[in-house]
Structures are given as C-alpha cells and as structure tokens.
Amino acid sequence: MSDSTLRIGLVLPDVMGTYGDGGNALVLRQRARMRGIDAEIISITLDDEVPDSLDVYTLGGAEDYAQRLATRHLTRYPGLQRAAAAGRPVLAICAAIQVLGHWYETSAGERVDGISLFNLTTAPQQTRSIGELVTDPVLPGLTQPLSGFENHRGGSTLGDDATPLGRVRHGVGNGVGDGTEGVVAGSVIGTYLHGPALARNPELADFLLARAIGTDSLAPLDLPEVDRLRSERLAAARR
C-alpha cells in the first residue's frame with residue numbers, strides 16, 4: 001500500500017456487475033476498516049482509463065455484449081495488465097475470467113480475444129451450470145473450503161502450466177470435466193463463485209487484503225454472523 005488509504009479498484013461495474021459482484025469491493029473495504037485501515041473504493045467505468053496504481057482490483061460477471069465492451073476497454077486501457085505485472089492483487093469473477101483469458105466464444109459462436117492474464121480459453125458448454133459450488137482450494141495460504149453460487153454457460157480450459165484455484169467438491173466449476181475451479185496466475189485470482197464470493201469466503205478476502213497491504217497475514221475478525229452464513233451455505237450444497 002503506497003499511502004495511508006487502501007485503494008480498491010471496482011473495475012467496470014457499469015458492464016461487469018450483473019450478479020452483484022460489486023459486493024466484493026464492499027467486503028474488502030469493510031474488512032479493512034474493521035482493522036483500522038482507511039479504505040476507499042475507486043469505481044472505474046467505461047468513461048475512465050484503468051489506472052495501474054491502485055492496491056487491489058475486483059471485476060465481476062457480465063452477459064455477452066457487456067463482456068465484449070469490457071474486453072475492448074481493458075485492451076484499450078491496459079492499466080489492469082500493468083498492475084498485475086507489478087504484483088497488485090486482482091479478483092476476477094465469472095465472465096471476467098473469460099475476459100482475462102486468451103479468448104472466449106460467445107453463445108452466438110463469436111470468438112473474442114481476451115487480454116491474456118490467464119492461460120486459458122473458454123467455449124460454451126452444452127448446458128448452463130447453475131447451483132451451489134464448493135471447492136477445496138489449492139492456492140497456498142487458503143485452508144478453508146470455498147463456496148459460492150455458479151451461473152455460467154462458458155467452460156474454461158486451463159493451459160498446461162495454469163494453476164486452478166480449487167478442486168470441485170460439489171458443483172461444476174470450470175465446466176470442462178477435469179474437476180478444476182477457477183485459476184491463479186501470479187497475483188491474479190479468477191473464480192466462478194458468486195455470492196458475492198468474498199462475503200461467503202472471508203479467508204479469501206483477507207488473503208487479498210494482506211497482499212494489497214503488503215503483509216503476510218492479518219489478525220482474524222470475530223464475526224459470528226459470517227461464520228453462520230458459511231455454515232448455512234456449505235450445508236445447502238450438501239442437501
């Protein structure tokens with residue numbers, strides 16, 4: 001963190017916010033403030049260039065047309081790419097995974113080049129994946145199951161050297177039959193988990209916050225209501 005305020009980039013909420021994933025930025029801000037860390041959300045819309053100087057970035061889901069607009073904007077203004085290269089943490093949800101890959105196909109069969117932060121490609125599945133998703137994370141530093149709600153038609157195939165975020169315990173995940181969910185490339189994390197994901201997975205939220213602040217770990221927060229939410233959602237997946 002370069003100054004006394006943690007700056008959270010909410011990237012393209014005007015086109016990449018279909019499923020309420022903007023809540024991830026709110027969770028990061030609140031968990032920072034509860035630890036006495038001043039934090040603000042910087043909303044980056046289609047009217048703005050993407051800055052490379054923020055501390056952490058979040059991107060959400062979108063439909064086909066909005067997804068293409070986002071891809072075009074991130075290609076024209078590559079601040080996110082520069083931030084990732086500098087090691088700034090980035091969280092990409094659902095359609096954002098596809099935008100950050102090499103290419104994705106729309107439901108109409110159009111192939112669109114992505115920005116290649118992830119070594120993956122995405123093509124439509126035969127059926128849409130909808131429902132509770134639970135995975136076991138393989139990313140060092142995460143120890144608790146990740147849960148969320150998946151709702152996507154795309155199936156993402158990881159490249160040979162790409163690392164998944166987790167292994168599917170319940171649900172579909174990346175949708176290509178290999179049991180993987182999400183992807184990790186350096187400081188950039190992608191997942192199909194909605195919820196918002198960070199509201200349902202505080203360990204992942206604090207993982208991103210710690211990286212943004214420049215520390216190895218953060219003191220835990222005592223939030224029984226968050227624990228109850230996690231327990232209820234994990235139980236729902238088993239039903």
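**Exercise 1. Is Arg200 buried or exposed?**

Work this out, then find what Arg200 pairs with. Keep in mind that you're looking at a predicted model.

*Solution.* Start with accessibility: the relative value for Arg200 is 6%. Buried means under 20%, so Arg200 counts as buried. Next, look for a partner. Arg200 makes a salt bridge with Glu132, and their closest N and O atoms are 2.5 Å apart. Now place the two: Arg200 belongs to helix α5 (residues 197-200) and Glu132 to strand β7, so this pair ties together distant parts of the chain, 68 residues apart. Check the partner as well: Glu132 is buried too, with a relative accessible area of 14%. Finally, follow the shared partners, and you get one network of Glu132, Arg200, Glu232 and Arg233.

**Exercise 2. Trace the salt bridges of Asp206.**

*Solution.* Step one is the overall tally: the whole structure has 10 salt bridges. Here's the general idea: side chains of opposite charge can pair when their charged atoms come close.

Step two, take Arg31. Its side chain meets that of Asp206 in a salt bridge, at 2.8 Å from N to O. Asp206 lies in helix α6 and Arg31 in helix α1 (residues 23-33), with their positions 175 residues apart in the chain.

Step three, take Arg35. Asp206 forms a salt bridge with Arg35 as well, with the closest N and O atoms 2.8 Å apart. Arg35 sits in the loop between α1 and β2 (38-44), 171 residues from Asp206.

Step four, check burial. Asp206 has a relative accessible area of 14%, so it's buried. Arg31, at 9%, is buried, and Arg35 is buried along with Asp206.

**Exercise 3. Describe how helix α1 packs.**

*Solution.* First list its buried residues: Gly23, Asn24, Ala25, Val27, Leu28, Arg31 and Ala32. You've met Arg31 already, as a salt-bridge partner of Asp206. Then see what these buried residues pack against: β1 (5-11), β2, β3 (56-59), β4 (90-93), α5 and α6.

**Exercise 4. Which residues have the most contacts inside the largest nonpolar core?**

*Solution.* The core holds 65 residues, and the best-connected ones are Leu74, Leu80, Leu100 and Ile189. Its largest share, six residues, comes from helix α6 (residues 202-213). Now zoom in on Ile189. Leaving out residues up to four places away in sequence, Ile189 touches several others, among them Val90, Leu91, Phe118, Leu139, Leu204, Phe207 and Leu208.

**Exercise 5. Why is strand β8 (residues 146-158) called largely enclosed?**

*Solution.* Count the buried residues: 10 of the 13 in β8, so the rest of the structure largely encloses this strand. Then look for a pairing strand. β7 (residues 120-137) pairs with β8 in the antiparallel sense, over 12 bridges. For one such pair, go to Thr122: its bridge partner in β8 is Ser156.

**Exercise 6. Find the surroundings of Gln67, then look at the rings.**

*Solution.* Gln67 is in helix α2 (residues 64-76). Its relative accessibility is 3%, so Gln67 counts as buried. Skipping residues up to four places away in sequence, Gln67 touches Met16, Ala62, Ala95, Gln98, Val99 and Tyr104.

For the rings, try pairs first: with ring centres required to lie within 6.5 Å, the count of aromatic pairs is zero. Then try a charge over a ring: the charged end of Arg111 sits over the ring of Trp103, 3.5 Å from its centre.

Technical notes
Residues are numbered from 1 along each chain as its sequence is written. This is a predicted model: local features need pLDDT of at least 70, side-chain atom pairs count only at pLDDT 80 or more; totals for chains, interfaces and linings use all residues. Side-chain values use heavy atoms; hydrogens and water are left out. Rings of Phe, Tyr and Trp (its six-membered ring) pair if their centres lie within 6.5 Å; planes under 30 degrees apart count as stacked, over 60 as edge-to-face and the rest as tilted. A charge sits over a ring if NZ of Lys or CZ of Arg is within 6 Å of the ring centre and within 35 degrees of the ring normal. A nonpolar core is a set of buried Ala, Val, Leu, Ile, Met, Phe, Trp, Tyr and Cys residues joined through side-chain atoms within 4.5 Å. Buried means under 20% relative accessible area, exposed over 50%, partly exposed in between (1.4 Å probe, protein chains only). Helices (H or I, at least four residues) and strands (E, at least two) are DSSP runs, numbered from the N terminus. Contact means heavy atoms within 4.5 Å. Two strands pair if DSSP finds at least two bridges between them. A salt bridge is a side-chain nitrogen of Lys or Arg within 4 Å of a carboxyl oxygen of Asp or Glu.
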